[in-house]
Amino acid sequence: MARFNVPAIGATEITPETVFLQRRRLLQAAVALGAAGMAGCSVDNAEAETPAAAPPASALKVNGSTDMAGGENLTPEEVITTYNNFYELGLDKGDPARNASWLKTDNWQVEVGGACAKPGTVGIEDLIDYNALEERVYRLRCVEAWSMVVPWLGVPLGDILKRFEPTSNAKYVRFDTILDPDNLKGQRSSILQWPYTEGLRMDEAMHPLSFMAVGLYGKTLPAQNGAPLRLVVPWKYGYKSIKSIVRIEFVEEQPDTSWNLSAPHEYGFYSNVNPTVSHPRWSQARERRLDGSVITPKINTLMFNGYADQVASLYDGMDLTKYT
Ligand SMILES: Nc1nc2c(c(=O)[nH]1)N[C@H]1C(S)=C(S)[C@@H](COP(=O)(O)O)O[C@H]1N2
Ligand SMILES: [Mo]
């Protein structure tokens, strides 16, 4: 599949999340179905059928583009769409592109509820104004210490949320990915709790940088990048940017998140990109920028992924070594 050379990532940096969790799950003698995932390759090696092709990407109308990555080169489309974390579609970086057809996006609906005056279940065309899509070039940094520069297409998250009229009880917002273990074979593994779930504090969700993406490189999102809609929160580690969302709930208490549940001492609720606070097992000070070259350059990680001017005030008075 991927024709580009796999980025030169040091052995200690290859999917550390996965490797650690796999070991843990092995020790816990997790359910038999999970065992395929624990082998560290495809979640579904046993079934060797070739999946039917995923729907092709279609061109979207773009209303202006804003570079929010300081003029850095874009990561090539082929890298963005073939080097993915989307555990529902497999654990290896190449699995999500290979298994893209597992994600069924026909008649996609999103249920919005909880502490809001206008809850409801809406089709994607009612949730997203496809005539008002803007392009934003953002850095995306994974906790695994690689990063990309991605031209997303979408709308500000706050514009979507406002329409449901969250009440004063809405202190946080929780997002859930589709749960469909019949098709999403990765969900038959117990590597994470399903559905994948993430959350933001209300002021983070309403911040103008928080974005709901429906496309990249001018086209609809491919399955592997979270079709048909996924969050993009550029100052947080990549895993906060939850894919293939089917539920949005306004809640009063800080919600559980999949990674926090799987390893509470490793993944905090906030998960702000912070080069001064190490992950317990590896530093967050540097990152490998996946720019399409064979040897990927290692660069310094920026506070809040380079968005400190815009977002630092959200955390005034908070000890970010405690609230990780
Ligand atoms: N539902 C779901 N969303 C997810 C993930 C996942 O496994 N499942 N992985 C996260 C992680 S760890 C990262 S780094 C980003 C990767 O996004 P990309 O593949 O579009 O680069 O998606 C995030 N969103
Ligand atoms: Mo990640």
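This passage describes the site of ligand 1, the cavities and pockets, and some unusual backbone geometry in a predicted model. Local features are reported at pLDDT of at least 70 and side-chain atom pairs at pLDDT 80 or more, while totals for chains, interfaces and linings use all residues; side-chain values use heavy atoms, with hydrogens and water left out. Residues are numbered from 1 along each chain as its sequence is written, and chains are lettered from A and ligands numbered from 1 in the order in which they are written.

Ligand 1 is surrounded by 16 residues, where a residue counts as near if one of its heavy atoms lies within 4 Å of the molecule. The closest of these are N84, Y87, E88, R230 and K243. By type, the shell consists of seven nonpolar, six polar and three charged residues. In this division Ala, Val, Leu, Ile, Met, Phe, Trp, Tyr, Cys and Pro are nonpolar, Asp, Glu, Lys and Arg are charged, and the others, Gly among them, are polar.

Several N or O atoms of the protein lie within 3.5 Å of a nitrogen atom of ligand 1, the limit for a polar contact between a pair of N or O atoms. For N85, a backbone N or O atom is 3.2 Å from a ligand nitrogen. In T177 the N or O atom belongs to the side chain, and the distance is 2.9 Å. A backbone N or O atom of S241 is also found 2.9 Å from a nitrogen of ligand 1. The ligand taken alone exposes 530 Å², of which the protein buries 99%; these areas come from the Shrake-Rupley method with a 1.4 Å probe.

Two cavities of 30 Å³ or more are present. On a 1 Å grid over the protein atoms alone, a cavity is a set of points where a 1.4 Å probe fits but cannot get out; a pocket is an open set with protein on both sides within 12 Å along at least five of seven lines, and lining residues have an atom within 4 Å of a point. Ligand 1 occupies the largest cavity, as more than half of its atoms lie within 2 Å of the grid points. This cavity holds about 350 Å³, a volume being the space filled by probe spheres set on the points. Its lining has 25 residues, with N85, R230, G238, S241 and K243 nearest the centre. Of the lining, 15 residues are nonpolar, six polar and four charged. Strand β5 (residues 146-156) gives the largest share, four residues; strands are DSSP runs (E, at least two residues).

The largest pocket has a volume of about 420 Å³. It is lined by 21 residues, and T105, T220, L221, A227 and P228 are the closest to its centre.

Most peptide bonds are trans, and most residues other than glycine have a negative phi. The bond from A227 to P228 is cis, with omega near -5°, and P228 lies in the loop between β9 (219-220) and β10 (230-232). W194 and P195 are likewise joined by a cis bond, with omega about -5°. A145 has a positive phi, near 75°, in the loop between β4 (134-141) and β5.

Terms used
A polar contact is a pair of N or O atoms within 3.5 Å; within protein, one must be able to donate a hydrogen and the other to accept it, and residues adjacent in sequence count only if both atoms are side-chain atoms.
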